[in-house]
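Let's take a walk through this one together, starting with its open spaces and then moving on to a helix and a few single residues. Have the viewer ready and follow along.

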Number of protein chains: 2
Amino acid sequence: MPKQGMEPIRRDALVRATIAELGAAGTLDVTVSQIARRAGVSSALAHHYFGGKDQIFLAAMRRILSDFVAEVRRELKGVPREGRAAAIVRACFGGSSFTPEAVGAWMCFYVMAQSNPQALRLWQIYHLRLRSNLIHALRPVCPRPAAAADTLGALIDGLYIRAALDPELSPAQAERQALTVLANLCGDRK
Amino acid sequence: MPKQGMEPIRRDALVRATIAELGAAGTLDVTVSQIARRAGVSSALAHHYFGGKDQIFLAAMRRILSDFVAEVRRELKGVPREGRAAAIVRACFGGSSFTPEAVGAWMCFYVMAQSNPQALRLWQIYHLRLRSNLIHALRPVCPRPAAAADTLGALIDGLYIRAALDPELSPAQAERQALTVLANLCGDRK
DNA sequence: CTGGAAACTGACCCGTCAATCAACTTCCCT
DNA sequence: AGGGAAGTTGATTGACGGGTCAGTTTCCAG
């Protein structure tokens with residue numbers, strides 16, 4: 001029963017369903033039909049709105065990325081200069097960023113970036129933005145902000161991978177590890 | 001032109017071809033035909049020897065894992081107690097462990113482990129072995145060996161991911177970052 | 001010399017899935 | 001009212017890829 005103005009609602013539902021499906025499967029081997037079924041529509045409609053499977057995946061990737069950016073901004077609100085780096089780390093492991101679903105989908109996007117130029121481009125943008133945010137946040141507390149930002153970024157990626165494969169690794173543990181390294185990176189020159 | 005005693009040679013060629021193909025593609029979307037072609041045989045023969053696609057992939061995964069173990073052993077040879085942790089780190093980024101090909105294939109196995117129970121099992125074994133090696137190596141030089149091993153392991157995984165997506169990241173840089181964190185993890189209590 | 005095992009392949013079968021199409025329904029504008 | 005736009009789907013198509021099989025060649029044992 002068609003209603004007017006469904007497009008944004010359908011798009012949203014499909015994007016959500018994509019993230020859920022990717023997160024649950026942990027693989028890019030997810031069919032358009034599965035996504036559409038979870039979103040409560042036919043696969044034809046998914047194609048109608050997005051044009052193709054890749055576009056659906058890219059939309060989901062953009063969503064996760066922008067959710068993460070929002071999380072960072074929220075965590076950064078009202079935090080003094082010296083606490084900014086820790087706030088960014090908390091954003092990585094808290095809120096909606098570190099649910100099993102999001103982590104699984106995130107890993108899928110890493111894979112997609114290896115063969116899809118647009119996905120690679122999105123990843124590079126995320127990567128550069130996180131890096132510059134971290135450098136800026138580390139400048140007041142760290143002797144070598146750029147190097148520390150690279151290390152911290154790599155550690156965060158690694159913790160994501162491990163969380164995806166090892167359900168034992170809790171968000172709290174992961175966050176603690178990252179914060180410990182952050183403290184070391186900052187404090188070992190005094 | 002059939003010759004006797006080809007089986008081990010073919011198996012080896014197919015495993016090598018699998019790693020090369022996975023490493024080049026950066027995805028599990030590699031067909032048996034591609035692998036077989038690169039190995040110079042028909043796809044039917046690949047099925048004949050391995051039984052199926054999954055078996056081929058698992059054989060390749062086992063190969064990469066055992067190559068890595070060999071690398072660690074080699075790097076550890078004749079190194080004094082205090083240098084063991086650094087030697088393991090060097091093994092991760094040197095030799096055949098950190099070629100673009102091996103890193104790409106490695107990432108594929110992480111993906112496979114998310115949906116294939118046998119691959120997950122193999123990953124867990126690798127994971128536990130690396131962990132216990134690291135803990136043992138860190139004991140003489142580090143106040144909290146277990147925590148440090150977990151952190152170092154995650155960092156190494158993260159550096160692999162980044163190397164896979166970012167050709168700018170050289171082995172030397174990655175190794176330097178890992179060794180820096182290792183030094184911090186050891187030295188910050190003095 | 002001969003029969004069987006090992007090595008090897010081309011052709012085929014069959015399931016799956018992205019993508020398209022031709023409909024049908026509901027809503028809104030004039 | 002009624003025509004077009006938006007919403008929606010089931011059925012279909014076409015490609016692709018894993019797996020199987022029947023058949024061919026080569027080698028070796030008895």
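A pocket here is an open set of grid points with protein on both sides within 12 Å along at least five of seven lines. A volume is the space filled by probe spheres set on the points. Keep in mind that you're looking at a predicted model.

With that in hand, go to the second largest pocket, which holds about 490 Å³ of space. It is lined by 22 residues, and the ones closest to its centre are T27(A), L28(A), D29(A), T27(B) and D29(B). Both chains chip in: helices α4 (53–76) and α6 (100–113) of chain A, and α4 (53–76) and α6 (100–113) of chain B, each give two or more residues to this lining. By class, you'll find nine nonpolar, seven polar and six charged residues there.

Now for the largest pocket, with about 620 Å³ of space. Of its 28 lining residues, Q177(A), A146(B), A147(B), D150(B) and T151(B) lie closest to the centre. The elements giving two or more residues are α8 (145–165) and α9 (171–187) from chain A, plus α7 (117–138) and α8 (145–165) from chain B. The lining splits into twelve nonpolar, seven polar and nine charged residues.

One of those central residues deserves a stop. D150(B) sits in helix α8 of chain B. Is D150(B) buried, exposed or partly exposed? Its relative accessible area is 23%, and the partly exposed class runs between 20% and 50%, so D150(B) counts as partly exposed. Leaving aside residues up to four places away in sequence, D150(B) touches R162(A), Q177(A) and R131(B). The last of these, R131(B), is 19 residues away along the chain, yet the two C-alpha atoms are separated by 6.9 Å.

Next, the enclosed spaces. There are four cavities of 30 Å³ or more, and the largest has a volume of about 200 Å³. Among its 19 lining residues, M107(A), Y110(A), V111(A), M107(B) and V111(B) are closest to the centre. Helices α6 and α8 of chain A and α6 and α8 of chain B each supply at least two residues of the lining. What classes of residue make up that lining? It has 14 nonpolar and five polar residues, with no charged ones.

On to helix α1 of chain A, residues 7–25. Does its length fit or clash with what you'd expect for a helix? At 1.5 Å a residue, its 19 residues should span 27 Å, and the end C-alpha atoms are 26 Å apart, so the two agree. The buried residues of α1(A) are L14(A), V15(A), A17(A), T18(A), I19(A), A20(A), E21(A), L22(A) and G23(A). They pack against α2 (32–39), α3 (43–50), α4 and α6 of chain A. Just after the helix, G26(A) takes a positive phi of about 70°.

Zoom out a little, and an unreviewed UniProt entry lists residues 8–68 of chain A as "domain: HTH tetR-type". Over that stretch the chain is 82% helix and 0% strand, with its end C-alpha atoms 21 Å apart.

Last stop: V69(A), found in helix α4 of chain A. Its relative accessibility is 22%, so V69(A) counts as partly exposed. The C-alpha atoms of V69(A) and L122(A), 53 residues apart along the chain, are separated by 13 Å.

Terms used:
Residues are numbered from 1 along each chain as its sequence is written. Chains are lettered from A and ligands numbered from 1 in the order in which they are written. This is a predicted model: local features need pLDDT of at least 70, side-chain atom pairs count only at pLDDT 80 or more; totals for chains, interfaces and linings use all residues. Side-chain values use heavy atoms; hydrogens and water are left out. On a 1 Å grid over the protein atoms alone, a cavity is a set of points where a 1.4 Å probe fits but cannot get out, and a pocket is an open set with protein on both sides within 12 Å along at least five of seven lines; lining residues have an atom within 4 Å of a point. Helices (H or I, at least four residues) and strands (E, at least two) are DSSP runs, numbered from the N terminus. Ala, Val, Leu, Ile, Met, Phe, Trp, Tyr, Cys and Pro count as nonpolar, Asp, Glu, Lys and Arg as charged, and the others, Gly among them, as polar. The expected span of a helix is 1.5 Å times one less than its number of residues. Buried means under 20% relative accessible area, exposed over 50%, partly exposed in between (1.4 Å probe, protein chains only). Contact means heavy atoms within 4.5 Å. UniProt positions are given in the numbering used here, feature names are shortened, and annotations may be inferred rather than shown by experiment.
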